[in-house]
Amino acid sequence: MGNLMRRYWLPALLSEELPEPDCAPVRLRLLGEDMVAFRTTSGRPAVLDTWCRIAMRICSGAATRKTGCAGVYHGWKFNADGACVDMPNEPARSKVC
């Protein structure tokens, strides 16, 4: 049933739970998956899958900056679409990001 439910939009949070741009990220669990929700500076709501335990720890306490969620531990920044857009601890020409 979980595979079927993942094909549809599911309510996860009320808009009051993410009241303003750059508010604190909110942890949520949906269909057995850990996720983190936040609003970007422009006000766009976003939900990112926490693909590993480190990401859950980092993103759940993260600060949002302009267009994404940046972890306080290593500073990796993920945009609202889930793409890693900045890794300050990697050289400029690194292909890791």
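**Entry 1: salt bridges**

I count a salt bridge when a side-chain nitrogen of Lys or Arg lies within 4 Å of a carboxyl oxygen of Asp or Glu. I am working on a predicted model. How many salt bridges does this rule give? The count comes to three.

I looked up E33 and R6. They form a salt bridge, with the closest N and O atoms 2.8 Å apart. E33 lies in strand β2, and R6 sits in the loop between α1 (2-5) and β1, so the pair ties together parts 27 residues apart in sequence. I then checked accessibility. E33 is partly exposed, with a relative accessible area of 27%. R6 also counts as partly exposed, at 40%.

Next I took R44 and D81. Their closest N and O atoms are 2.9 Å apart, and the two form a salt bridge. This pair links distant parts of the chain. R44 is in the loop between β2 and β3, and D81 is in the loop between β6 (77-79) and β7 (84-86). They are 37 residues apart. Is D81 buried or exposed? D81 is exposed, with a relative accessible area of 60%. R44 is partly exposed, at 42% relative accessibility.

Then I went to D34 and R29. Their side chains meet in a salt bridge at 2.7 Å, N to O. D34 has a relative accessible area of 32% and is partly exposed. R29 has 56% and is exposed.

**Entry 2: R39**

I turned to an arginine without such a partner. R39 is found in strand β2, residues 33-39. R39 is buried, yet has no salt bridge. Which side chain of opposite charge is nearest to R39? I found E16, 8.2 Å away. The cut-off is 4 Å, so a pair at that distance does not count as a salt bridge.

I then asked what the side chain of R39 does reach. One target is the backbone oxygen of L18, at 2.4 Å. Another is the backbone oxygen of G43, at 2.9 Å.

**Entry 3: overall layout**

I stepped back to the whole chain. The protein chain has two helices and seven strands. Along the sequence I read the pattern α-β-β-β-α-β-β-β-β. I also looked up burial. Buried residues make up 33% of the 97 residues in the protein chain.

**Entry 4: nonpolar cores**

Which residues make up the largest nonpolar core? I listed seven: V36, F38, A46, L48, C69, F78 and A80. The elements that give two or more residues to this core are β2 and β3 (45-49). Apart from this core lies another, of six residues. Among them are L18, V26, M35 and A37. I had already met L18 in Entry 2, where its backbone oxygen is reached by the side chain of R39.

**Entry 5: the largest pocket**

I looked up the volume of the largest pocket. About 640 Å³ of space lies in it. The pocket is lined by 22 residues. Which of them are closest to its centre? They are W9, L10, L30, M35 and V47. M35 is also listed in the six-residue core.

I then sorted the lining by element. β1 (26-30), β2 and β3 each supply at least two residues. Which element gives the most? β3 does, with five residues.

**Entry 6: what I keep**

For strand β2, I have three separate notes. It holds E33, the partner of R6. It holds the buried R39, which has no salt bridge. It also gives residues to the largest core and to the lining of the largest pocket.

Technical notes:
Residues numbered from 1 in each chain as written. Predicted model: local features only at pLDDT ≥ 70, side-chain atom pairs only at ≥ 80, totals over all residues. Heavy atoms only, no water. Helix = DSSP H or I, 4+ residues; strand = E, 2+ residues; numbered from the N terminus. Buried < 20%, exposed > 50% of the residue type's maximum accessible area, 1.4 Å probe, protein only. Lys, Arg positive; Asp, Glu negative; His and termini not counted. Polar contact = N/O pair within 3.5 Å; in protein donor to acceptor, adjacent residues only side chain to side chain. Core = buried A, V, L, I, M, F, W, Y, C linked by side-chain atoms within 4.5 Å. 1 Å grid on protein atoms, 1.4 Å probe; cavity = no way out; pocket = protein on both sides within 12 Å on 5 of 7 lines; lining within 4 Å. Points joined across faces, edges and corners; volume = space filled by probe spheres on them.
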